[in-house]
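Load the model in your viewer and set it to a cartoon representation. The stops below go from the whole chain to a single residue.

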Amino acid sequence: MPAPNPGATAFLQTRRSRPAKTLQMPVPDATQIAALLEMAARTPDHGKLEPWRFVVIEQPAMARLAGVVSDRGAALGLDAEQITKGRNQFDQGLLAVAVIEVQKPSEKIPALEQTYSAGAVCLALLNAALAAGWGANWLSGWPSHDRGFMTDALGLAAHERIAGFIHIATETTAPPERPRPDTKAITSWMDA
Ligand SMILES: Cc1cc2nc3c(=O)[nH]c(=O)nc-3n(C[C@H](O)[C@H](O)[C@H](O)COP(=O)(O)O)c2cc1C
């Protein structure tokens, strides 16, 4: 018989992001962030390529990133509303970890599997932060897919891209539950 871990299963049955805009100070300190990143890095990684790295964005850097969003939005011809939407997470952000997908050359491991692993790191970090009692939220937005933003804001190389921004701070209120998928409807079984 398997030996369940009741704390872990209770967490997974109830875990819920906290919208970034509802978070407040304080944010985790360097030691606490290091512990969360250790947990996040315990993520399946085919071939042990470590196709990811982290950039911890502290609040003073948020203003610079918001400025880069405005510059990139103007260069891309976006309207004011789109630019504001892209800026919001940096205008309001207290601390975020950018999970960077770092494609490693490999004859054996497809690029897509490296992408999956980077996404898995995002969820692992989100869950680590939530399990540690922080409020946390995985955000993207158009800047996270814009090569100019990646270069100007984070100095990423061509083989790197943003997998996600994981905002981590102190929760204010727990949001109401949101509808969850009907897993029976999306699951089929094969026995032959
Ligand atoms: C790759 C990715 C990017 C996301 N980007 C955003 C975003 O930019 N803005 C947003 O409001 N939610 C975004 N979300 C959704 C939230 O992170 C999250 O799914 C939602 O708050 C519910 O999360 P929960 O299942 O932990 O409760 C994104 C989710 C993923 C997986």
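Start with the whole chain, coloured by secondary structure. This is a predicted model, and its secondary structure amounts to 6 helices and 4 strands. Followed from the N terminus, the elements come in the order α-α-β-α-α-β-α-β-α-β.

Next, switch to the C-alpha trace and orient the chain along its principal axes. The trace spans about 60 × 45 × 40 Å in that frame. The radius of gyration is 18 Å, which agrees with the value near 16 Å that a compact globule of 192 residues would have.

Now turn on contacts between residues at least 6 apart in sequence. Of these, 84% join residues at least 24 apart. Colouring by burial would mark 31% of the 192 residues as buried.

Then select the largest nonpolar core, which has 40 residues. In soluble globular proteins, nonpolar side chains tend to be buried together. Which residues touch the most other members of this core? They are Val 99, Val 121, Leu 125, Ala 129, Ile 166 and Ile 168. Two or more residues come from each of the helices α2 (30-40), α3 (59-75), α4 (80-92), α5 (111-131) and α6 (147-154), and likewise from each of the strands β1 (52-58), β2 (95-102) and β4 (160-169). The largest contribution is that of α5, with 9 residues.

Finally, centre on Ala 129. With neighbours within four places in sequence left aside, Ala 129 is in contact with Leu 36, Trp 134, Ala 136, Ile 166 and Ile 168. Of these partners, Ile 166 and Ile 168 are also listed with Ala 129 among the residues that touch the most other core members.

Notes. Residues are numbered from 1 along each chain as its sequence is written. This is a predicted model: local features need pLDDT of at least 70, side-chain atom pairs count only at pLDDT 80 or more; totals for chains, interfaces and linings use all residues. The radius of gyration is taken over C-alpha atoms; the globule rule is 2.2 Å times the number of residues to the power 0.38. A residue is buried if 20 or more other C-beta atoms lie within 10 Å of its own, exposed if 12 or fewer, and partly exposed in between; C-beta atoms are placed from the backbone. Two residues are in contact if their C-beta atoms, placed from the backbone, lie within 7 Å. A nonpolar core is a set of buried Ala, Val, Leu, Ile, Met, Phe, Trp, Tyr and Cys residues joined through C-beta atoms within 7 Å.
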